[in-house]
Each structure stands twice: as structure tokens, then as C-alpha cells.
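Work through the following exercises with the sequence and the model side by side, and try each task before you read its solution.

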Amino acid sequence: MKWLVIVLVLIYLTESAIRIPLIRFKTIRRILGERNKLEEFLLHHNSDTFARKYNSCYPSEVLMIRDVGVTSEHLSNYMDAQYYGEISIGTPPQTFAVVFDTGSSNLWVPSSYCVSEACQLHQRFQSFFSSSYSPRGNSFTIRYGTGQLMGVLGKDKVTIGNITVNGQEFGESVYEPGSTFTLAHFDGILGLGYPSLAEGGAIPVFDRMMYQNLLEEPIFSVLINREADSENGGELFLGGIDHSRYTGSINWVSVSQKGYWQIEVQNITFRNTVVCRNGCSAIVDTGTSLIAGPYTSLRTMFPDHPEMELGMGEIIVDCKKLPVLPDLTFTIGGVEYTLEAEDYIKKFQEEKAVCLYGIQAINVYSSKGPLWILGDVFLAKFYTIFDRGNDRVGFAKSRHSLDSRESTED
């Protein structure tokens with residue numbers, strides 16, 4: 001009887017903590033750059049991509065975009081999304097590749113009724129083939145650049161790993177504007193932000209999981225792998241913490257504003273320059289591959305790079321300079337999180353090696369001041385735990401980053 005209880009407990013833990021592999025791919029920004037179309041694209045899509053994604057969280061009198069026009073875009077930041085995983089929707093299941101994005105809260109995929117070119121190149125949900133589908137009867141709209149992503153809301157079973165969420169609201173896009181999603185390797189977005197960000201009154205997938213008691217703990221954890229020669233992008237771990245994925249202790253910091261996973265940063269140091277000296281806010285965002293910060297702060301940090309412009313992407317650096325580049329350190333909750341040059345530089349092998357700073361200028365201000373975005377450049381170094389039960393974020397040194405560094409030294 002004792003062994004039966006142990007076996008049953010193990011089965012329960014296996015079913016309530018789910019490991020979702022992440023696949024790494026080229027970003028849309030990178031594809032446009034290779035085709036020499038990036039600058040033209042940004043000029044025609046109002047280039048401050050981050051500002052437009054995050055302004056939905058703040059009323060217009062609080063959000064102040066300087067030097068650029070204010071729009072209410074949510075999606076252009078997916079130009080820099082680099083990791084996706086698979087989910088299925090419906091009965092029988094229809095499979096989709098989605099970005100697991102802590103910077104938004106809706107689940108949406110293309111509809112079979114979509115008329116846009118982007119939809120023709122991706123998996124489309126066929127509601128008429130799902131016996132568990134029911135329409136919600138209302139539409140959703142997400143503003144984007146020169147137009148709007150539009151669709152309808154439905155409800156169906158959503159399966160991630162071996163967890164099935166019943167009656168999950170999701171968007172079926174019928175129109176996707178611009179060329180961004182035409183180039184995307186992913187079909188849709190699965191938002192992991194707080195419910196207040198959700199469009200159309202939809203309950204986010206992770207919240208449904210909590211309400212239906214499908215998880216061991218109201219926690220999900222993310223491991224990001226940035227090794228250039230690997231499609232293995234890491235993993236999303238739903239329902240707990242994989243303690244084999246980090247070394248040392250977990251350092252926790254409280255969420256300061258529930259919407260995005262927003263936390264407070266005490267200061268940021270680069271070379272002998274300290275920015276965010278009196279504290280600033282940061283959003284922990286799995287939906288972008290970059291670190292982003294206020295234009296004035298980055299101009300102070302990079303005085304030798306006058307070519308840095310708002311929203312125009314990363315800065316090229318001579319790959320030979322990597323050994324002498326300084327550390328970038330974020331102090332969060334009294335703990336220093338240090339990125340070395342090989343952490344914040346993105347290296348690409350083409351005809352010859354190309355190195356870029358994985359850092360971009362933005363100008364977004366919340367009620368607490370300038371916002372920084374901690375994307376995958378930061379998250380690849382630190383195993384990150386998102387704890388909805390206690391409204392906090394945990395960081396620990398990723399095991400894979402430690403292992404890869406030790407193998408290099410050997």
C-alpha cells in the first residue's frame with residue numbers, strides 16, 4: 001500500500017508539472033536585415049516598437065513617448081521573438097506553434113476564415129472540424145502599425161503538453177496587417193501576463209489552469225538557450241520549478257504592478273556609468289530577444305555610438321573587441337545580476353562573423369518612471385520563475401549557461 005501511494009503521488013506530480021520544449025528560430029528583424037529591408041520596414045511601421053507594445057498598460061496621460069508618435073500597437077515587438085513551442089486546440093486537436101509571451105495575456109491563432117497573406121502561410125484553426133468548439137460571439141481588435149489585427153473570440157479545449165484546459169477563450173484572427181506575420185515562424189501568441197492585459201474580457205490560459213486545479217503550483221519557469229548553433233531554445237516548465245536547471249539560490253523580487261510582470265530595479269551599471277541611479281521599473285518579457293531601455297540612458301551608456309536611434313535595432317560591434325567589453329550589471333532586490341559581453345552580444349556567422357549589442361533604445365514611461373525591458377538576452381543567463389501565487393519573480397543562475405562556460409574553459 002505504501003508503494004502504491006508513492007507511485008500515485010509521482011504520477012500526480014508528473015501530470016501537474018509540464019515541460020514544454022522551446023524551439024529557437026531567426027527573428028523577423030534578422031530576416032529583414034538579411035534581405036536589406038529592415039530600415040524601410042521600420043520607417044513604414046513607426047519604428048518605436050517597444051513603446052507601442054507596452055502603452056496598453058498605461059493611460060495616455062501617464063505614458064509619455066518622446067520623439068515618436070504614440071500609437072496603441074501591441075504586436076510589433078514580436079519582430080524580436082525568437083522562441084516558440086507547440087500547443088493544440090480543439091477535438092480532434094489542431095497543432096499550432098506559439099510564442100509564450102509574458103508581455104501579453106491573450107491566446108490567438110489564425111482562423112481558417114482569415115483573408116490575409118500571413119494566414120495563408122501558417123496553420124489556421126478550423127472551428128467546423130472541432131466537436132468541442134463554441135463561439136463566444138464577440139470580436140477582438142489589437143492595434144498594429146498601419147492597421148489592426150482583427151478576429152473573433154471562441155472557446156475550446158487547449159492542450160499544452162499533457163494538460164488540457166477546458167472552455168478556454170482564444171482569438172481567431174481573420175485579418176493580420178502588414179508583413180510582420182508573413183515572415184514569422186510562429187502561428188500565434190499565448191500570453192502569460194496578468195488578466196488585466198487581456199483583450200475582450202478573455203481569461204488567460206494560465207489563469208484557467210489555476211482555476212481548474214491543473215497545476216501543482218501556480219508557478220511557471222523559463223529556461224532560455226541562446227547557443228547559436230542549436231535549435232534547442234530551452235523550455236517552459238508549467239506548474240513548478242525544475243531545480244536541475246539552475247545553480248545557487250533563487251532570489252525573489254515582488255511584482256510592483258500587475259499587468260505585465262513588472263519589477264523594480266535599483267540601478268544599472270555599464271563601464272563606470274550608473275544609470276537608473278534612483279531606481280526604475282522593468283518588465284520581464286519572454287516575448288522579445290532584447291534588453292531595451294530609455295534612449296537617454298543608452299546614449300549615456302554608449303557615447304561612442306552616435307548611430308543609436310530609437311527603435312532601429314541593435315548596434316554592430318567589432319567581434320574582436322568582445323574580450324575587452326565591460327560587464328552590464330542590474331541590481332535587483334539588492335542582488336547584482338551581471339551580464340558579460342558574451343551574454344549581451346549576439347554573434348552571427350554569415351560570410352564573416354557579425355556581432356551586435358542585444359540592447360535597444362526605447363522611450364516608454366510608466367507611472368513609476370522609465371521602463372526597461374528584460375528580454376531573452378537577460379533571461380538566457382538567469383533561470384526565471386514567475387510565481388502568480390505570491391506575485392513575485394525569481395532569478396537564479398541558469399545551469400546551461402554555467403555548463404557551456406565550463407566546457408569552453410576546458
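**Exercise 1.** Which residues line the largest cavity?

*Solution.* Begin with the whole structure, which is a predicted model, and note that a search of it finds two cavities of 30 Å³ or more. The largest cavity holds about 80 Å³ of space, and its lining consists of Leu22, Tyr83, Val99, Phe100, Val222, Ile224, Leu236 and Thr286. Next, look for the elements that give two or more residues to this lining, and you arrive at strand 3 (94-101) and strand 9 (219-224). Finally, sort the lining residues by class, which gives seven nonpolar, one polar and no charged.

**Exercise 2.** Describe the second largest cavity by its volume, its lining and the classes of its lining residues.

*Solution.* The volume of the second largest cavity is about 30 Å³. Around this space you will find Ser105, Asn106, Leu107, Gln168, Glu169, Ala198, Ala202, Ile203, Pro204 and Val205. Sorted by class, the lining of the second largest cavity comprises six nonpolar, three polar and one charged residues.

**Exercise 3.** Where is Asp187 placed, and which side chain of opposite charge is nearest to Asp187?

*Solution.* First locate Asp187 in the loop that runs between helix 6 (180-183) and strand 8 (188-191). Then consider its charged surroundings: Asp187 is buried but has no salt bridge, and the nearest side chain of opposite charge is that of Arg124, 9.0 Å away. As a last step, turn to the backbone, where the nitrogen of Gln123 lies 3.2 Å from a polar atom of the Asp187 side chain.

Terms used. Residues are numbered from 1 along each chain as its sequence is written. This is a predicted model: local features need pLDDT of at least 70, side-chain atom pairs count only at pLDDT 80 or more; totals for chains, interfaces and linings use all residues. Side-chain values use heavy atoms; hydrogens and water are left out. On a 1 Å grid over the protein atoms alone, a cavity is a set of points where a 1.4 Å probe fits but cannot get out, and a pocket is an open set with protein on both sides within 12 Å along at least five of seven lines; lining residues have an atom within 4 Å of a point. Grid points are joined across faces, edges and corners, and a volume is the space filled by probe spheres set on the points. Helices (H or I, at least four residues) and strands (E, at least two) are DSSP runs, numbered from the N terminus. Ala, Val, Leu, Ile, Met, Phe, Trp, Tyr, Cys and Pro count as nonpolar, Asp, Glu, Lys and Arg as charged, and the others, Gly among them, as polar. Buried means under 20% relative accessible area, exposed over 50%, partly exposed in between (1.4 Å probe, protein chains only). Lys and Arg count as positive and Asp and Glu as negative; His and the chain ends are not counted. A salt bridge is a side-chain nitrogen of Lys or Arg within 4 Å of a carboxyl oxygen of Asp or Glu. A polar contact is a pair of N or O atoms within 3.5 Å; within protein, one must be able to donate a hydrogen and the other to accept it, and residues adjacent in sequence count only if both atoms are side-chain atoms.
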